[in-house]
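Let's take a walk through this one together, a stop at a time. Have the sequence and the 3D view open side by side.

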Amino acid sequence: MGLKLYGLPMSTNTTRVMACLHEKGVDFELVPVDLFGGENRQPPFLAKNPLGRIPVLEDGDLTLFESRAITAYVAEKFKETGTDLLRLQNPKEAALVKVWLEVESHHFDPAITPIMFEHFVAPILGKTPDQAAIDASLEKLGKVLDVYESKLSCTKYLAGEFFSLADLHHHASTHYFMKTPWASFVNDRPNVKAWWECISSRPAFMKVAEGMTFVDTK
Amino acid sequence: MATPVKVYGPAMSTAVSRVLACLLEKNVDFQLVPVNLSKGEQKKPDFRKIQPFSQVPAFEDEGICLFESRAICRYICEKYTDKGNKGLYGTNPVARASIDQWLEAEGQSFNPPSSVLVFQLAFAPRMKIKQDQVVIKQNEEKLSKVLGIYEKRLGETRFLAGDEFSLADLSHLPNTQYLVTTSGRGELFTSRKNVGRWWNEISSRDSWKKVVDMQNKGA
């Protein structure tokens, strides 16, 4: 029995996992979850993820939620195949990957997510985007990207001279962000821009980018 | 010979105390190096070389410099697998995956509202910063929803990831300590039967008691 991933192709968290599976060359079935119909708040789904969010991975008897726990599991289980995402053979590199995974999780994602919510989702929900919230998030994001600009002047990728899971985790949100009026936050930082162009041209990401039609349904 | 393991930052910082708890669970000797946050030491260029976001903790071990408390904890568990609590981060990939998912739940769902409340209720008064009641109410509601989910989960298992104490539970200790003991909103936890039972168990561990002792002594 193969892997089943419950989620949606336009969801950044689902895409995070799909990009990882593609980097590893691992087959999986994507099972859509009807978020707009509230399927994620019904008992059958809550039995898989009590937090009621996508994605969820099923691998035989194992059910996992939280996209970053899922990618870590996939990257470790399939460590002998595809792209080396965790650098487990080199403890120092592996430790640095862990650091930049947390940076994405606790610095980058909280700064960028409100911008995408206000710009793309709020209008779909019939709300006016909260410009003050966008501005506050842009200020935070600018500071985070300044740290990235400095780091990426020393190394080609975030954790070192190698592409890793830490870079991959940035794909989906940045892909959407580049379609907002504020893409200059990336484009005006030469090292960040070069890094983005490099990671976004990876075949694994281009496969998932095809399904990221959220923006175009607006 | 002095231990090569160094943690930079004050024990009263929630993120620093997360790392200290992990080191104590794993019986790993360490040196705690003070960083004077009120004097802005964390913003100085020398510190920013090891922690570019000017936050604490920063961490060193045999030539490796790390930051982000949860990354440091995972590193400690993986490097010192055979020391102290061997099951803290799981002894096989499936156990580890379950711990990771609850560690992520802590980081993504529990930490944001609880951190805001820790700041507003425990730190703002000491720093003579005015509390924002709207922000407090919003975050209490968010935290209540998360604790409602935890209440159900902890009725099914003894700890979050299963029947053994893990890094996922440990990660909740710092914020919960402040909320239960200092904030006046402890009933968010203690009024929930399973969450209350879980809190009593995890906070009674020797490792956590030592951290609280360090905090009380102003380390």
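Start at A:Glu66, which counts as buried because its relative accessibility is 10%, under the 20% cut-off. You'll find A:Glu66 in the loop between strand E4 (62-65) and helix H3 (67-77) of chain A. Its backbone is a bit unusual too: phi of A:Glu66 is near 70°, a positive value in a residue other than glycine. For background, most residues other than glycine have a negative phi, and most peptide bonds are trans.

Before going on, keep in mind that this is a predicted model. The predictor gives the complex an ipTM of 0.95 and a pTM of 0.96. Chain B averages a pLDDT of 96, and 100% of the residues in chain B score at least 70.

Chain B has a positive phi of its own to look at. B:Ser54 has a phi near 55°, and B:Ser54 isn't a glycine either. This serine is found in the loop between H2 and E3 of chain B, and it counts as buried at 18% relative accessibility. In that loop, between helix H2 (45-50) and strand E3 (58-61), you'll also come across B:Pro57. The peptide bond from B:Val56 to B:Pro57 is cis, with omega near 10°. Now hop over to chain A, where a cis peptide bond joins A:Ile54 and A:Pro55, with omega about 5°. A:Pro55 is found in the loop between H2 and strand E3 (56-59) of chain A.

Next, helix H1 of chain A, residues 12-24. Its 13 residues reach 19 Å from the first C-alpha to the last, close to the 18 Å expected at 1.5 Å a residue. H1(A) is mostly covered, with 11 of its 13 residues buried. Among the buried ones are A:Val17, A:Met18 and A:Leu21, but also charged-type names such as A:Arg16, A:Glu23 and A:Lys24. Just after the helix, A:Gly25 takes a positive phi of about 65°.

What does A:Arg16 meet in a salt bridge? The partner is A:Glu104, at 3.1 Å from N to O. A:Arg16 lies in helix H1 and A:Glu104 in helix H4 (residues 91-124) of chain A, so the pair ties together parts that are 88 residues apart in sequence. A:Arg16 is buried, with a relative accessible area of 3%, and A:Glu104 counts as buried at 0%. The pair also belongs to a network of salt bridges that links A:Arg16, A:Arg68, A:Glu104 and A:Asp109.

Chain B has a salt bridge between the side chains of B:Glu106 and B:Arg18 (3.3 Å, N to O). B:Glu106 lies in helix H4 (residues 93-126) and B:Arg18 in helix H1 (residues 14-25) of chain B, so this pair ties together parts that are 88 residues apart in sequence. Both B:Glu106 and B:Arg18 are buried. Over all chains, the structure holds 28 salt bridges.

For a look at the outside, go to A:Phe36, in the loop between strand E2 (28-32) and helix H2 (43-48) of chain A. A:Phe36 is exposed, with a relative accessible area of 72%. Together with A:Leu35, A:Phe117, A:Ile124 and A:Leu125, A:Phe36 makes a nonpolar surface patch of about 490 Å².

Last stop: UniProt, in an unreviewed entry, places the feature "domain: GST C-terminal" at residues 92-219 of chain B. That stretch is 76% helix and 0% strand, and its end C-alpha atoms are 35 Å apart.

Technical notes:
Residues numbered from 1 in each chain as written. Chains lettered and ligands numbered in written order. Predicted model: local features only at pLDDT ≥ 70, side-chain atom pairs only at ≥ 80, totals over all residues. Heavy atoms only, no water. Helix = DSSP H or I, 4+ residues; strand = E, 2+ residues; numbered from the N terminus. Expected span 1.5 Å × (residues − 1). Buried < 20%, exposed > 50% of the residue type's maximum accessible area, 1.4 Å probe, protein only. UniProt positions renumbered as here; feature names shortened; annotations may be inferred. pLDDT = per-residue confidence, 0-100. Patch = residues over 30% accessible without salt bridge, like charges linked within 9 Å, V, L, I, M, F, W, Y side chains within 5 Å. Areas by Shrake-Rupley, 256 points an atom, 1.4 Å probe, with all protein chains shown as cover. Salt bridge = Lys/Arg side-chain N within 4 Å of Asp/Glu carboxyl O.
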